[in-house]
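Got a few minutes to look at a protein model together? Let's see what can be worked out from it.

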Amino acid sequence: MLTTMAAAVGFASRPNDTNNENTVAGVMASLQDEGKLEAEGVPGLNLRDLDLTSDEFILDEVDIHIQANLEDELVKEALKTGVDLRQYSKQVETELQHIEQASIKDYIKESQNIASLHNQITACDSILERMEQMLSSFQADLSSISCEIQTLQEQSVAMNIKLKNRQSVRSELSQLVDELVVPSTMIGVILDTPVVEQEFVEQLHELNNKINYVKEQSFRETLACQDVQDILDRLKIKAVSKIREFILQKIYSFRKPMTNYQIPQNALLKYRFFYQFLLANERHVAKEVRDEYVDSMSKIYFSYFKSYTGRLMKVQYEEVADKDDLMGCVFLDCECASRFFSKPSLKHRNTIFTLTQELSTLHHRAPILVPHLAPQSGQVRPETDTVQTTPHPRLLDSVSCHFNNTDEGTSRRIICFSSSFTDEGTGGVSCLLSVSLSLTLSPLSVLQKHISTYVSDCYDSIAVFLSIHIILRFKAITAKRNIPAIDKYWETVLEILWPRFELILELNIQSIRNTDPQRLGTLDTRPHYITRRYAEFSSAIVSINQTFPSEKTHTLLGQLQVEVENFVLRMAAEFPSRKEQLVFLINNYDMMLSVLMERAADGSKEVEGFQQLLLARTQEFIEEILSAPFGGMIGFVKESEALIEKGQLERLRNDEARVNQLVRGFAGSWKQSVENLSQDVMRSFTNFKNGTGIIQGALTQLIQYYHRFHKVLSQPAFKSLSVRSELINIHHLMVEVKKHKPNF
């Protein structure tokens with residue numbers, strides 16, 4: 001126990017534990033005394049209940065150090081090797097004293113260096129103190145420099161503001177001086193130079209700018225304007241006088257006889273600024289110029305269109321359609337009596353119901369007809385619609401030039417001087433529209449009166465309808481060009497043409513309704529001339545109507561088609577035999593369908609209607625022509641199929657003799673019958689293509705009947721008949737039928 005404590009205390013008194021050195025020394029002395037007592041045989045003291053110190057904190061620290069030293073590796077090793085801790089403690093203490101003495105000697109030896117180091121530290125301290133003073137003064141200097149920089153910045157901003165203000169004032173004053181000063185060059189040019197010179201136009205622009213600028217500055221009460229106002233007024237009066245005289249001379253030149261007014265009119269275009277200058281500075285002079293221009297051009301247009309329409313009337317057809325030239329009128333010409341039911345060869349009447357190639361080209365922009373050159377140039381006499389619509393392209397060009405638009409037909413700019421008559425202050429479009437209306441009022445009244453007078457006696461429905469669509473096309477062009485000046489005129493013309501077209505078409509419908517077939521003379525199965533007229537007329541109307549579809553037109557055509565179909569049925573009823581009736585119906589339906597399909601669309605109502613009628617009558621005709629040579633076989637097939645369907649097979653045995661006769665009769669005569677049938681059909685129909693189609697349909701139907709005849713004979717009631725071996729093979733029959741296939 002004591003040994004362990006001594007060791008612990010000895011290790012606890014190492015140089016590292018200097019704080020408890022005195023306490024440990026006292027404890028070590030007590031332990032030494034205890035050891036001596038034990039060596040002398042004095043029994044050890046029982047310190048179990050003895051409190052060695054009244055300071056509990058010191059004992060607690062001792063316990064902590066003892067425990068910590070016991071954990072030390074050196075202590076553990078010493079305890080294991082059995083080292084005498086007291087001897088070891090003395091040894092350690094001796095070594096510490098030696099080390100302390102050696103350290104003192106080292107300090108004494110280095111005393112001079114330490115003193116030198118102390119002196120150096122003192123010198124450094126003084127240097128650092130001076131540097132601190134220098135930095136403090138530098139910081140103060142920087143503070144003063146910052147204030148100076150801020151002051152300079154404020155001065156720079158102030159100088160910059162002054163500079164901007166001076167520059168702004170300089171620009172304003174410079175512009176003011178430049179605009180107010182009237183150079184001597186301008187005065188000389190305005191006074192002495194002709195208006196047609198480019199130099200005059202340039203100086204006029206400059207004068208106009210100065211006048212406008214002075215007006216603007218006068219509202220701002222600029223006193224300098226009073227110095228130049230007088231000279232500007234004098235120059236303005238002089239310029240207005242020269243411009244007025246120049247423009248009026250040009251306008252008066254339009255009125256000379258045989259003058260092409262378009263040339264001086266277009267020449268005025270490059271001086272359009274003259275009118276703008278007048279409008280801005282002298283409105284009463286501008287109004288005078290505009291009124292003179294409108295009056296002159298209106299008279300020119302009136303004279304031109306009046307003369308043009310009069311000349312057109314002289315070059316049209318000598319014979320025009322009248323109230324008797326209707327679709328259902330009875331044609332009893334001696335010249336065409338032998339060709340009564342074929343298409344009549346009239347000199348002029350064919351154009352009433354036919355849309356010729358010349359008329360169809362009017363859907364596109366055609367050259368304007370020159371009446372006085374037509375006879376010399378060999379031009380064909382124009383149709384009615386040509387006479388009525390030829391002035392309108394010229395009218396359209398004349399009006400378009402006032403609106404400064406592009407002509408879609410020639411892709412060129414159409415411009416005239418009247419396009420300068422725009423007043424930005426009151427609305428340029430409305431002013432230009434007013435000018436255009438004033439210019440075209442007289443020629444429009446001439447054209448309107450001419451059309452109204454001429455159409456009132458016109459009975460050419462195709463010409464009127466084509467005129468309607470040409471007017472609609474012109475109306476669409478004016479809408480595309482945004483030219484509202486003649487919109488009312490187009491509407492008025494359409495209000496004249498539409499009722500006339502409806503009246504003429506209703507007269508044609510009534511004429512067909514009232515036609516008496518018995519008054520038409522000898523009957524013929526070829527196409528009737530009335531159906532030919534209808535086909536040509538209907539195809540023309542349908543093809544024209546595709547451009548601007550009209551439901552009203554479709555309704556009238558539907559009524560006309562119904563009357564024509566009824567007329568064809570009435571005519572067919574005049575034939576004694578059903579075969580002739582069917583031939584007549586098929587020829588007429590085929591002719592009408594062929595003509596319609598040339599111009600009308602495949603899906604039109606007229607085409608679909610006649611296709612259904614033709615198909616139905618063709619099928620009936622095929623049954624009719626097969627009934628003569630093969631009627632017995634066809635009747636037997638139909639009767640036998642009905643009995644088989646009812647299940648009465650036993651009744652078929654009663655027809656054995658009939659079957660023998662039919663089989664042998666067909667085998668002996670079918671080739672000749674087919675040949676006769678083919679020749680008869682080709683003689684009956686005027687359209688070879690339609691005739692060959694009917695032949696093919698009849699032979700196909702014959703093969704189908706004969707195939708059904710084979711099926712009937714395959715029934716149990718006829719299987720034992722020996723005549724079945726005489727039946728013609730279906731393939732052999734088909735080979736013979738193919739010989740009648742057309743080669744065109």
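Below, a student asks and a tutor answers, using a predicted model.

Student: How many disulfides does the structure hold?
Tutor: A disulfide is a covalent bond between the sulfur atoms of two cysteines. To count here, two cysteine sulfur atoms must lie within 2.5 Å. The number of disulfides in this structure is zero.

Student: Is C458 buried or exposed?
Tutor: The cut-off for buried is under 20% relative accessible area. C458 has 6% relative accessibility, so C458 counts as buried.

Student: And what does C124 count as?
Tutor: Anything between the 20% and 50% cut-offs is called partly exposed. C124 sits at 44% relative accessibility, so its label is partly exposed.

Student: How are α25 and α26 oriented to each other, roughly parallel or roughly antiparallel?
Tutor: Helix α25 (residues 688–713) packs with helix α26 (residues 730–738) at about 170°, their axes being 11 Å apart. Angles over 145 degrees get the antiparallel label. So α25 and α26 are roughly antiparallel.

Student: Which residues of α26 make that contact, and how many charged residues take part?
Tutor: On the α26 side you'll find I730, L733, M734 and V737. Across from them, α25 brings residues including L699, I703 and Y706. By class the contact of α25 with α26 has seven nonpolar and three polar residues, and the charged count is no residues at all.

Student: What is the handedness of the crossing where α20 passes α21?
Tutor: Helix α20 (residues 529–545) and helix α21 (residues 551–572) pack at about 165°. That makes them roughly antiparallel. The crossing of α20 past α21 is left-handed.

How values were computed: Residues numbered from 1 in each chain as written. Predicted model: local features only at pLDDT ≥ 70, side-chain atom pairs only at ≥ 80, totals over all residues. Heavy atoms only, no water. Buried < 20%, exposed > 50% of the residue type's maximum accessible area, 1.4 Å probe, protein only. Axes fitted to C-alpha atoms, helices over the stretch in contact; angles between N-to-C directions. Helix = DSSP H or I, 4+ residues; strand = E, 2+ residues; numbered from the N terminus. Parallel < 35°, antiparallel > 145°, perpendicular 65-115°, else oblique. Contact = heavy atoms within 4.5 Å. Nonpolar A, V, L, I, M, F, W, Y, C, P; charged D, E, K, R; others polar. Left-handed = near helix turned anticlockwise from the far one by under 90°.
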